[in-house]
Amino acid sequence: MSARAWRERLLDEMPPDLATEIDVFERQMELRREGRVDERVFAETRLRRGVYGQRYDNGQRHDGVESRRLDFPSADLTKGPETLWDAPGMLRIKIPYGGMSAEQLDVLAECAEEHSDGILHVTTRQDIQLHYIHLDDGPTLMRRLAAVGITTREACGNGVRNITGCPVAGVCRTETFDVTGYADALFRFLLGHPDCQDFGRKFKIAFSGCAGEPCGLVMMHDFGAIAEMREVDGATRRGFQLYVGGGLGTTPHQAKLLYEWIPEEELLPIAQSVGRVFARLGEKRNRNRARIKFLISQLGIDEFRRLIDEERAILPHDDRWTSYLPGIGGFDEAPLREAAPLRAPDGAPEGFAAWLDSNVYRQRQDGYAVATVSLPLGDLSSDQARALADIARRHVGDAIRTTVEQNIVLRWVSEGDLPALHAELSAIGLGEPGAGTIVDITACPGTDTCKLGISSSRGLAGELRTRLAGAQYTLDESVRGLRIKISGCFNSCGQHHVADIGFFGNSRKINGVTVPHFQVVLGGRWRENAGSYGMAIGSVPSRRVPEVVEAITARFANERERGETFQDFSARLGKKELAAIIEPLKPVPAYADDRSFYSDWGDAREFTRSDMGVGECAGEVVSQADLELSGAESLAFDAQIALEDGDLRRADERAYLAMLSGAETLVRRENQEVGPLPDDIVAEFRTRFLDTERFYSRFSRGRFAGPLMDRHASGPPERLDPERVRVLVEEAQLFLDACHALDVRESGAQSAAV
């Protein structure tokens, strides 16, 4: 069916405002095709409609599955596309708080099958992504989704992203109250709101019904709300603790408490006030410092709170602030089937006991349970999605939600139906156990489809899942409950900072050859709404990561004290001892001895060959830059140890010296006569690498030079703030990673030229 035919067919089924927006976007596409709209402007336009460009690898997915190759006849994809019309893209689809109906799941399945590669991907923000789409199909996809109440607006771009929420809200045994209606109201209020259209970067919001569980992950969000009841004038009132300024990315920040409590009627106006202040004062020119966490770090939480109070006092009244409250109970779900006790099925079907143990959560409503549908790598096929929608219709109706761990949950399952449900899920390949265990690995798209991916996060996740699934019943009980999360680069889309064991992709030049690596991050806290972040302890070759997991978990199982969590265990051992565990796994064998190290997981091709060096008979040739950057990394690691020991002054000094040493390494590659003083080094670094944008790359955009330049200009601080020192220590390692990347990039270019 043509795009025009779809528009005419669905016109009466779409909300008028969404229909108009999609028409406008379609016209903008036509203007861009005619050259009447600048590509930079159009890029932000399509991003705000959820349309991303993506990497394309000749149809090969890193999980080893051959994707349906889509037809893009206008481009030679081996040379790189010139525009998004020449290559496939990705459509991100907003699923507020993860809630969807069976009909919506059906339509998503149809869209994936007819316009994509037949795969629905669940993200760590409860969205659905469709990859390998044609840009020309975008308006049709948007109309088909709008007809069933789904939008892609502001799923990407500099606006309010999908609002996430606890997937067991309303049925949770520990929640204060159901936050679903509030998340929905804020989503609708802020969607397209004029006060949220002038942000320098994205803005992420989360809701949680309680403080102790991880479901909402409030502490890692720009704006987060935790449900809390208070006695006010003798009456029990609903309200929220509000947090602002959290975020992961390259330099993670813990959210700060904005208000200890606000009544429910203040939720929307306070959120609007935060948006107005952020739009007015947030960074706009330097996108690397444009998140609200940097504004709050600059102002301090007390000053930021004062500005919000002022903004709230002058905010024009809006009836929508409270008009939704009388209908807040409209999100209460009714069970489709009567409660019945669970009775062990005759013959105990294979896998049911394990699935019951890991994938079933008993609701606070007697006789009902939430069943988690485990999705390896967050993927399900169109056929599986349609079958799952039918299963939902039989057992739970529309009580379906996605989760931040890239799974789907079915709520209000009668406990007596659990054996039948498991059998039906198993029949479509969705009955695997292991949800919420070490097997349930979170991973971003990485090098499969993301343009920023450095290492194959999905390939590694698939390998680890296979190995751990085979051993899960022999694992120590303390190990089974650990979380592993993987990002393909430092941007933390896989949420590696809040994992027990996290990894993010980078690369190292070994003997003149670029080898895929992963940085190891240990000791993040998943519970307590992402209560604390882990810290990097060292980088290992990608091929060694399974051995890293084995070594770390074995040490934890053998040496943990009674009742000790992995976070406490990591803190007790300390960074130095933890680093010693992985030290033997850092060496990379010569290419002739083991070629597997020179390719990534799930990808048979070599990571690189163009910049291979020639070895000497008496030993390997190691460049001076490699040696000097290794020394700089030692300084950065010393800064981490000092931070752990509480020596803020030493941590600050070592982090600065590490960055200065990295900058000096790059400068002296080209100018051995540069003066020894820091001022000389920084000035030369600015001239050679920042002013020329050589330090920039497709993923760093120069962002990691800022901390060095700022710290050098200001000098050692008189008063040391623990949070700022922690951020500087983390940024020092990222700066050195960027130095490595530039050395690899330019060395490779020189070799190719020769």
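**Exercise 1. Is Tyr97 buried or exposed, and what is its relative accessible area?**

Before you start: this is a predicted model, in which local features need pLDDT of at least 70, side-chain atom pairs count only at pLDDT 80 or more, and totals for chains, interfaces and linings use all residues. Residues are numbered from 1 along each chain as its sequence is written, and side-chain values use heavy atoms, leaving out hydrogens and water.

*Solution.*
- Step 1: Recall the cut-offs: buried means under 20% relative accessible area, exposed over 50%, and partly exposed in between (1.4 Å probe, protein chains only).
- Step 2: Tyr97 has a relative accessible area of 12%, so Tyr97 is buried.
- Step 3: Find its place: Tyr97 sits in the loop between strand E2 (89-93) and strand E3 (99-100). Strands (E, at least two residues) and helices (H or I, at least four) are DSSP runs, numbered from the N terminus.
- Step 4: Check the backbone: phi of Tyr97 is near 50 degrees, a positive value in a residue other than glycine. Most residues other than glycine have a negative phi.

**Exercise 2. Describe the open sheet of five strands.**

*Solution.*
- Step 1: Write down the order, E16-E17-E18-E19-E20, and note that the pairing is mixed. Two strands pair if DSSP finds at least two bridges between them.
- Step 2: Look for the edges: strand E16 (442-443) and strand E20 (535-541) each pair on one side only.
- Step 3: Take one pair: E18 (residues 501-510) and E19 (residues 513-522) are antiparallel, over ten bridges. Within E19, Val515 stands opposite Arg508.
- Step 4: Add a helix: H17 (residues 545-559) packs on the sheet, touching E17 (484-487), E18, E19 and E20. Contact means heavy atoms within 4.5 Å.

**Exercise 3. Does the length of H17 agree or disagree with its expected span, and which of its residues are buried?**

*Solution.*
- Step 1: The expected span of a helix is 1.5 Å times one less than its number of residues.
- Step 2: For the 15 residues of H17 that gives 21 Å, and the end C-alpha atoms are 21 Å apart, so the two agree.
- Step 3: List the buried residues of H17: Val545, Pro546, Val548, Val549, Ile552, Thr553 and Phe556.
- Step 4: These residues cover an arc of only 155 degrees around the axis, which puts them on the same side of H17. The arc is that of the directions from the helix axis to the C-beta atoms.
- Step 5: Turn to the other side of H17, where Glu550 and Asn558 are exposed.

Note on methods. Axes fitted to C-alpha atoms, helices over the stretch in contact; angles between N-to-C directions.
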